[in-house]
Structure formats: structure tokens, C-alpha cells
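Here's a quick briefing to read with the structure open beside you. Strand pairing comes up before helix packing and the nonpolar cores.

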Amino acid sequence: MIGLSTRRTAAVAAVLALSAAGCSGPGTPPAAPVATAAAAATPAPPAAPSPVPAARAGLGGRPSPSARPCTVFPADNVWHADVSRLPVHPRSAAMIGAIGGGAVHADFGSGRWEGGPIGIPVTVVPAGQRRVPVTFGYADESDPGPYPIPPDAAVEGGPDGTGDRHVIVWDRAACRAYELFDAHRSGAGWRAGSGAVFDLRSNRLRRAGWTSADAAGLSILAGLVRYDEVAAGRIDHAIRVTVPRTRTGWTWPATHSASSATDPALPQLGQRLRLKRSVDLSRLPRQARIVAEAMRRYGLIVADHGSAWFLSGAPDPRWDNDDLHALGGLRGSDFEVVDAAGLMVSAGSGATG
């Protein structure tokens, strides 16, 4: 769609401007937390276990122990697929060359930049969060509201941000993600460019040709690097990455194209990239090494247009920006495109065989 390509072009310009300004390199000032503040719950009687707070928690907040655990998509979902042994795509060298040989950049961290957190924040909401109306600029490809988005939901770039302004809401009780692109408060609710709802217990993909809050039509939450994963020592999914240009059409599991270019050297949205096995990771500091290990085992998924080799993650005050900056020692030439077609069970499903 021409309109979608236009709005992505504006987003690219914003990201490139931030990149030129040194958005999240070392020396970024210290930080603020990822999501929302939590209110205290009424204490339980002394003999009973402590209750789970009823108010919203940050990204590290825990759901009730009695609730069924909510993972970000099933274990057999393509985001969790081990791609370390998949064959190299026959046009890998050309596509990597088209993306460029620049440095990898962790587009997330601790601290703030121009008034906003560094990365794409995630707001975790409790069961029963009030639903509010949401209007969309691209309503024909958006899941209709209402959405359980609180008035103080964290916005990418902060309340006055001018970039993609993603809002990601994770309802762990319902095990759903609600994701908005170009989100703004509007009356009692929100308005956005586009929006998508993902059932995190399902492998169902969006309708072919539909966008989401991401150009590829994929979930943003699924591809974010989160601090709790790195603290636990392992990321078990592919990582969202942006590239400057893509070719028209899409590669499974993507469902949407945001380009009219036909150059076969360009990657498509949904393309799976992998850090080469030959790259030595032993000298990377811990946080950077865990991210790099995930890029080797689970890879990267091309999800949107933006600066080359920008990895997406959620902000957190516990990130060590110097650690993350060490990922800049990895270059485009350290990656290859893999052929993930053999993983697909059905074009409309993210399940792998």
C-alpha cells in the first residue's frame, strides 16, 4: 500500500536522525524504568501467602502463581525455531551486501534519550484492565478496538516522541499482546496508524497482506530483547531487526510488504538472518554475549525499515549500555541469510514442523 510505505519512510527518517545523534551509545545518561508503576495491594491475613498486586506491574512483574503461564507464542512457533543448522539462502551474499556492512547496534538500553526511554517499552496490565476505544488511520488492516490500554501506557520515544511511537501492552492474564503504531491519546482512548492483537497461545498469523504495528505484520513483543531474559542467561527467540530497504512481497512468517522495489538483491520483510558460527563471541561482555548467542541460534527477523542492523529491545534501568555497545564489534559481514522455508507447516500459521 502506498500509504503504508509513506508512513514507514517517515519512521526511517526519524530513526536515522536518532542514529546520527548517537541515540544509545556509551555515555547515555542514567535511566528510568521500562513500564508503569505498581500500586500496593491490600495485605493478606498473616497466615495466607502474599497476594499479587492488583495494579499494573513493570516488564519484570509476575502474574498470579495460580494463573496459567503466558509465554510469548507456543514453543513450536517460528520465533522460537533453532535456525543454527538451516541452509544458507542462495542469495545470502547479495542480500547481506544490500543491507550493508555496518556495525550492529542495540537500539535499547538504560537511561533516556530526548525525553524518552531507549527502546520499545512494554506495559504489562492486570486482568480486567478497562478497555478503551482506539481509532486507526489504516482501519482496513487493523484489529478493531476496544483495547485494554491505560491512559499512562508507555510510548516509544516518550509522550512527546516523534518517531514510530509504538505502544505495546501485554495482558498476561488473557495472554494477549495489543500493539499500536503511531499511538496518541485521544479523548477517553487512543488513535493510531495501525494496530494488531496477538493471541500469544496461538500460532495463527495475520491475514495475508495485512500489516500490524510493524511493517512485516508480525508481533513486535515477540522479537524484543528483554532484560529478564538476559538476566536468566538465555534468549529463546529470534530478535527483531530493521534494515534500510526491502524488496516487494514478503517472506514467511511476515504477512505484509512495505516496498515497491524489485531488486532481487534486497531482502524481504520476514527474512531470517543468522550470526555466522565462525564469529568469536568469547570476548564479549555477558549481556552482549547472550544477545549474540541468540542471534547465532535463533537469528534475526527483518521486521521493518530503519537503520541497518538495529536490534530492538525493551528499555530497562538494569541494562549496562557499555556492555550492549560491545555488540558494535559485530558487522554486517558476520551474518548470513538462511532459507527457513523448510520450517513452514502452513502459510497461515507460525507453527514449525
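H105 has its bridge partner, F310, in strand 14. This is a predicted model, and that pair is a handy way into its open sheet of six strands. Strand 14 covers residues 310–311, runs parallel to strand 1 and is joined to it by two bridges.

**The sheet**
- Reading across, the strand order is 1-14-11-13-12-15, and the pairing is mixed.
- Strand 1 (105–106) and strand 15 (335–338) sit at the edges, each pairing on one side only.

**Helices across the sheet**
- Helix 2, made of residues 92–99, lies across strand 11 (239–243), strand 12 (272–275) and strand 15.
- The angle between helix 2 and strand 15 is about 125°.
- Helix 4 (residues 286–297) lies across strands 11, 12, 13, 14 and 15, with strand 13 spanning 300–305.
- Against strand 12, helix 4 runs at about 125°.

**Nonpolar cores**
- The largest nonpolar core counts 72 residues, and the members touching the most others are L200, V291, M295, L300, L311 and L327.
- Helix 4 supplies the largest share of this core, with six residues.
- Another core, of 15 residues, lies apart from that one, and V167, Y178, L180 and A192 are among its members.
- Which residues does V291 touch, leaving out those up to four places away in sequence? They are V225, V230, I235, I239, L311 and L327.

Methods. Residues are numbered from 1 along each chain as its sequence is written. This is a predicted model: local features need pLDDT of at least 70, side-chain atom pairs count only at pLDDT 80 or more; totals for chains, interfaces and linings use all residues. Side-chain values use heavy atoms; hydrogens and water are left out. Two strands pair if DSSP finds at least two bridges between them. Helices (H or I, at least four residues) and strands (E, at least two) are DSSP runs, numbered from the N terminus. Contact means heavy atoms within 4.5 Å. Axes are lines fitted to C-alpha atoms, for helices over the stretch in contact, and angles run from 0 to 180 degrees between N-to-C directions. A nonpolar core is a set of buried Ala, Val, Leu, Ile, Met, Phe, Trp, Tyr and Cys residues joined through side-chain atoms within 4.5 Å. Buried means under 20% relative accessible area, exposed over 50%, partly exposed in between (1.4 Å probe, protein chains only).
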